[in-house]
Amino acid sequence: MRYPVTPDGRYFVVRGRLWRCTDPRLDEAERLRLTRELMSARSAVRQALRGQDAPALAQARARVDAAKVALGERGPVWWGDEAPDYNRRLVRNTPYRGWYEALAATQPA
């Protein structure tokens, strides 16, 4: 299933919340490498949680954050027009509200 992406390509929407897209300026090889690192780090988080290993959990969460920053999904925004960042915000509380409502109106029930 594909999630709707805002017209400017900055966010995708999951359950009414905006999530920042990966920086489109990354070349495919780098994006793939960083995505693999992110998946590995998320796996390490699960393992640390299962093992109740607090130091490993902190390290794994730091890896997740570093990968997401490198992908452009967190940290400084990757666009250059000084538009604010609405990452993790509810769509209804952002300027994307009208777009999302119009999109939802066209979807079959």
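**Exercise 1.** Which exposed residues does the face of H2 turned away from its buried side carry?

*Solution.* Keep in mind that this is a predicted model.
- Start with the other side: Leu57, Ala60, Val64, Ala67, Lys68 and Leu71 of H2 are buried.
- Looking down the helix axis, those buried residues fit within an arc of 100 degrees, so they line one face of H2.
- Here's the pattern behind that: an α-helix has 3.6 residues a turn, so residues three or four places apart point the same way.
- Now flip to the face turned away from the buried side, and you find Ala54, Pro55, Ala58 and Gln59, which are exposed.
- As for what sits over the buried residues of H2, the cover includes helix H1 (28-50).

**Exercise 2.** Work out what span H2 should have, and check it against the model.

*Solution.*
- H2 covers residues 54-71, which is 18 residues.
- The expected span is 1.5 Å times one less than the number of residues, so H2 should come out at 26 Å.
- Its end C-alpha atoms are 26 Å apart, so the two agree.

**Exercise 3.** Place H2 in the whole chain, then sketch the chain's overall numbers.

*Solution.*
- Count the elements: the protein chain has 3 helices and 2 strands, running β-β-α-α-α from the N terminus.
- Get the extent: the C-alpha trace spans about 45 × 35 × 25 Å along its principal axes.
- Check burial: 28% of the 109 residues count as buried.
- Look at the surface: about 7,500 Å² is exposed, with carbon and sulfur atoms supplying 53% of that.
- Finish with charge: there are 20 positive and 13 negative side chains, and the centres of the two sets lie 8 Å apart.

Definitions and conventions:
Residues numbered from 1 in each chain as written. Predicted model: local features only at pLDDT ≥ 70, side-chain atom pairs only at ≥ 80, totals over all residues. Heavy atoms only, no water. Helix = DSSP H or I, 4+ residues; strand = E, 2+ residues; numbered from the N terminus. Buried < 20%, exposed > 50% of the residue type's maximum accessible area, 1.4 Å probe, protein only. Areas by Shrake-Rupley, 256 points an atom, 1.4 Å probe, with all protein chains shown as cover. Lys, Arg positive; Asp, Glu negative; His and termini not counted. Charge placed at Lys NZ, Arg CZ, Asp CG, Glu CD. Arc of directions from axis to C-beta. Contact = heavy atoms within 4.5 Å.
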